[in-house]
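Work through the following exercises with the sequence and the structure open beside you. Each task is followed by a solution in steps.

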Amino acid sequence: MNVDEATVKRIARLARIKITAEEAKGLEAELTGILTWVEQLDEVDTEGVEPMTRVVPIKLKMRADEVTDGEIAAQVTGNAPLTEDGFYVVPKVVE
Amino acid sequence: MTDLTKLTLAEARDGLTAKTFTATELTTAFLGAIEQANPALNAYVLQTPDLALAQAAESDKRIAAGTARPLEGLPLGHKDLFCTKGVRTTACSLILDEFTPTYESTVGQNLWDAGAVMLGKLNNDEFAMGSSNETSRFGPVVNPWQRTRNGVKDNAKLVPGGSSGGSSAAVSADLCLAATATDTGGSIRQPAALTGTVGIKPTYGRCSRWGIVAFASSLDQAGPIAKTVRDAAIMLRHMASHDPKDSTSVDVAVPDYEAALGQSLKGLRVGIPREYRVDGMSADADALWQKGIAWLKDAGATVHDISLPHTKYALPAYYIVAPAECSSNLARYDGVRYGLRVPGKDLVDTYESTRAAGFGKEVRRRVLIGTYVLSAGYYDAYYLKAQKVRTLIKRDFDEAWNSVDVVLTPTTPNPAFGQGEKSGDPIAMYLEDIFTVTVNMAGLPGISVPAGLSAEGTPMGLQLIGKPVDEATLFRTAHAIEAAAGHFRVPGRWWA
């Protein structure tokens, strides 16, 4: 698997991480190396094998659909970088 | 008075019960040791002496009143991956900035409810991603052990393993009686092996993940690092619980693991997987493995060659599953609701600038790999393929349990390495977890117990892998290895 510069930039965009041109260059080689290394999984015949979803075979528990927590807006926003009247403040989204 | 920091957790418990010393005296001794050692070792990223002394005072009251709880007055270190109410929690990442949780993790709450004292928060690799504790925002942790080459003491600073390097260094340097840790691919067992301490990753679901900063949710498990097998058994009993707040938490009673210690190994069947004899394994690791086999035979166990054919695929499959889950979990760090914010010209620019500044190099690399393998058109080829391989890895073990009760392997192929020696090559670093990662992929319990010293005079460990929720057998077997191998304490406090 060869990861080119355009691909690095595309996935960095998807991951919402700003990268410099220089970083993109380094990541091309690193990601190519790692993805080539994991390609050895192609040797394994997984025909008819179910993907693993749970490691311990327990049934997912259900609970009553009722409110168990809440009314703690001050706690929820307590660590926010910027708030106003209990709301998070961010730069303008719509022009 | 004797140096209280040198006691094991069990000895300290007995001393408090017998009123030989007080919880306040014990805590004060540790606070002093930390103050002296931390500039050199960097094991703690936050010390909480006021909290510790308040907890110790409460413990002394309870001991006097005859209402002591099981871990009353025992000072512990707490990995900075666990959320602590009112105490800064960062996962050793810049992106969490000065984040101060308004809630306590379930594992932490269990320990404090049992009377334990928190000395502070311990260093780790950023978001628990690393095998050397070199990716922390607070800088690397130094292994209290030093190596000798050609008869000469090497001045290289050794890594304490990772990601729970603060936990392993603090326990081996007597900066706490025991510590919490977490293990996604080997992050409890590998650091324990590299510092001469005991570390157990229990069955997936044994400890609640609630309130632990998430890395790869289908692999993450909490467990202790301790000085002895007994101490680890005491710790795990009080960390583990069924928790309605974690839907993957297992609803199986937690036994008194201490009761398993000292029981005979007669009739125990030990499997030796041939696939663990890998290229690049040191002669030291191989020799210890053979010793381990002999010790278990002497203790009455029978030894059997077994095959776990998909072993070699565990690590590459892990490096798809773990980054994929990490990229999803770390999507929450957006600079809006908590943690660091780097203002941008618009919202997307704010996200991108914040995440570029907040995540370190290894975390960025893994988020990008994860984003790639989950991106449109690649999901089946990578993530789904890796999850199928995972089924086969688990099947190998299911098959093995028909003929053996426990599996014995080295914990790591090599002893502790120097800072910077592997940080330039991600795959070389990933290979540190070659023997431990299969256990996470299969969700099984695994313990590392110190077994001997390398040619360089540094500790190495043996790993025991058990059946689901059968941690008791691991403690019993590890205890027999410990009895034969002895304890490995840091030869001198060079930092003092």
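**Exercise 1: the contact between the chains**

Find how many residues each chain gives to the contact, and which helix of chain B gives the most.

Solution. Counting two residues as in contact if their C-beta atoms, placed from the backbone, lie within 7 Å, one finds 54 residues from chain B and 39 residues from chain A. On the side of chain B that touches chain A, at least two residues each come from α9 (314-329), α10 (347-358), α11 (361-374), α12 (380-400) and α13 (426-430), and α12(B) gives the most, with 10 residues. Helices here are DSSP runs (H or I, at least four residues), numbered from the N terminus.

The model is predicted, so local features need pLDDT of at least 70 and side-chain atom pairs 80 or more, whereas totals for chains, interfaces and linings use all residues. Residues are numbered from 1 along each chain as its sequence is written, while chains are lettered from A and ligands numbered from 1 in the order in which they are written.

**Exercise 2: a helix pair**

Determine at what angle the axes of α8 (residues 283-298) and α15 (residues 471-485) of chain B cross.

Solution. The axes, lines fitted to C-alpha atoms over the stretch in contact, with angles running from 0 to 180 degrees between N-to-C directions, come within 9 Å and cross at roughly 105°. Therefore α8(B) is roughly perpendicular to α15(B), a term covering 65 to 115 degrees. B:Gly292, B:Trp295 and B:Leu296 of α8(B) make the contact with B:Ala480, B:Ile481, B:Ala484 and B:Ala485 of α15(B).

Key: Parallel < 35°, antiparallel > 145°, perpendicular 65-115°, else oblique.
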